[in-house]
Structures are given as C-alpha cells and as structure tokens.
Amino acid sequence: DGKSAEQLVDEMIAAGSVDQGRLDALRDALLADGTIDGDEVDLLRKLIYSTTSDGDQVLREEVEFLFQLNNHTSAINNADAFQKLFIDAVSHHVLGDPESAREVDKEEAMWLIDRIEEDGEYDTNEVALLQYLHKNANRMPMDLKFRLGMILSLQD
C-alpha cells in the first residue's frame, strides 16, 4: 500500500512483533534499488533489536528475512555494515538461544545449512558467518563443520 520502509519498521516496532505481510512489503521497499545501503542497514538493525521485549533475542523470522535480503543482493555491492549486521543477527539468534547457549545445536545446524544452500551459492556473507560461528561457538555439529570445510575449500 505504498508505505515507506521507515513506516513499516515503525509499525512493527510499535506492535512489538514482526509479521510476514509487513516483512514482504519491507523487503520490496529495501530491494527496489537492488542494494542495501547504510541507512537501510541502520533501519534493519533498529527493527531487529527493537521487536522483542528483552531487545537481545533475535527472532527466527528476522533472521530468515536477512537471508532473503542477502540472497537477493549477494552479487550487488551492499554497504559493508550489512555483512556485520547479517553475522551479528544470525549468530545472536543461534548462539544466544537459551536452550543451547554458545552452541550450534543439531536443529540450528540443519536450518543454517538449508538457508545457506537455498540459493545454490556460498556468498561472502554466508562464508563469513560460518567462519564466525566456527570461531565463536563452544560446540558445533560435525555436519556443519564438514560443510564449512567443504565451502572454504571451494573459495580458493
């Protein structure tokens, strides 16, 4: 209905939650020019860290949304801050999970592999994310470690 990205983010923050309709409209608004610039990264950061009561837990829907944006812009020159936000938010979601804090559990590993392989490419943001998780997780399932080794060997 022609709302700006700022309006959509403000509505979700006011509601205290994200919803698929607004996320779809936000995705379309952010991708209209084909790239994620610095102001849009700031807007995404504001959304991701403002829609939960504790302000710290990053929701699965928000992370899925970042993967969508990443998949639609992976060949484009996004602001450098987008990669940092992508890694911070995804790792917060995975490593900040109270049931498996500082660990990538089996379910999270399978979900990550599905998201990363969804578009058939291993882009720089996804590789950087896996490297970050490998370095910072106390535990990670072997299939994710294997996948990381395979992906990194393809980068040479």
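The chain holds 14 salt bridges, counted wherever a side-chain nitrogen of Lys or Arg lies within 4 Å of a carboxyl oxygen of Asp or Glu. The model is predicted: local features need pLDDT of at least 70, side-chain atom pairs count only at pLDDT 80 or more, and totals for chains, interfaces and linings use all residues. Residues are numbered from 1 along each chain as its sequence is written, and side-chain values use heavy atoms, leaving out hydrogens and water.

**Salt bridges**

Three of the pairs are set out here.

| Pair | Closest N to O |
|---|---|
| Arg-22 and Glu-11 | 2.7 Å |
| Asp-19 and Arg-22 | 2.8 Å |
| Asp-143 and Lys-106 | 3.0 Å |

Asp-143 sits in helix H8 and Lys-106 in helix H6 (residues 106–117), so this pair ties together parts 37 residues apart in sequence. Helices here are DSSP runs of H or I with at least four residues, strands are runs of E with at least two, and both are numbered from the N terminus. Asp-143 is partly exposed, with a relative accessible area of 24%. The exposure classes are buried under 20% relative accessible area, exposed over 50%, and partly exposed in between, with a 1.4 Å probe and protein chains only.

Arg-22 takes part in two of the tabulated pairs. The side chains of Arg-22 and Glu-11 meet in a salt bridge. That pair links distant parts of the chain: Arg-22 belongs to helix H2 (residues 20–31), Glu-11 to helix H1 (residues 5–15), and they are 11 residues apart. Arg-22 is partly exposed at 27% relative accessible area. Glu-11 is partly exposed too, at 23%. Asp-19 has 29% relative accessibility, so it counts as partly exposed. Lys-3, Glu-11, Asp-19 and Arg-22 are linked in a network of salt bridges.

**Overall fold**

The chain has 8 helices and 0 strands. Along the sequence the pattern reads α-α-α-α-α-α-α-α. The radius of gyration is 15 Å, close to the 15 Å that the globule rule gives for 156 residues, so the chain is as compact as a globular protein of that length. That radius is taken over C-alpha atoms, and the rule is 2.2 Å times the number of residues to the power 0.38. Along the principal axes, the C-alpha atoms fill a box of roughly 45 × 35 × 20 Å.

Of the 156 residues, 43% count as buried. Contacts (heavy atoms within 4.5 Å) reach across the sequence. Among those with a separation of 6 or more, 67% join residues 24 or more positions apart.

**The nonpolar core**

Nonpolar side chains tend to be buried together in soluble globular proteins. A nonpolar core is a set of buried Ala, Val, Leu, Ile, Met, Phe, Trp, Tyr and Cys residues joined through side-chain atoms within 4.5 Å. The largest one here has 45 residues. Leu-26, Leu-44, Leu-66, Phe-67, Leu-69, Val-104 and Leu-112 touch the most other members. H1, H2, helix H3 (38–48), H4, H5, H6, H7 and H8 each supply at least two residues. H5 gives the most, with 8 residues.

Leu-26 shows how one core member is surrounded. Beyond residues up to four places away in sequence, Leu-26 touches Ala-5, Leu-8, Val-9, Met-12, Leu-47 and Phe-65.

**Two buried asparagines**

Asn-70 lies in helix H4 (residues 60–73). Asn-70 is buried, with a relative accessible area of 1%. Leaving aside neighbours within four places, Asn-70 contacts Phe-82, Phe-86, Asp-123, Asn-125 and Glu-126.

Asn-125 is found in helix H7 (residues 124–136). At 10% relative accessibility, Asn-125 also counts as buried. With the same neighbours set aside, Asn-125 contacts Asn-70, Phe-82, Gln-83, Phe-86 and Ile-87.

**Surface and loop**

The chain exposes about 8000 Å², and carbon and sulfur atoms supply 49% of it. Areas come from the Shrake-Rupley method with a 1.4 Å probe; for residues, only the protein chains shown count as cover. Phe-146, Met-150 and Leu-154 make a nonpolar surface patch of about 320 Å². Patches are made of residues with over 30% relative accessible area and no salt bridge; like charges are joined within 9 Å, and nonpolar side chains (Val, Leu, Ile, Met, Phe, Trp, Tyr) within 5 Å. Leu-154 is in helix H8 (residues 142–154). Its relative accessible area is 56%, so Leu-154 is exposed.

Arg-102 lies in the loop between helix H5 (80–95) and H6. Its phi is near 60°, a positive value in a residue other than glycine. Most residues other than glycine have a negative phi. Arg-102 is partly exposed, with a relative accessible area of 41%.
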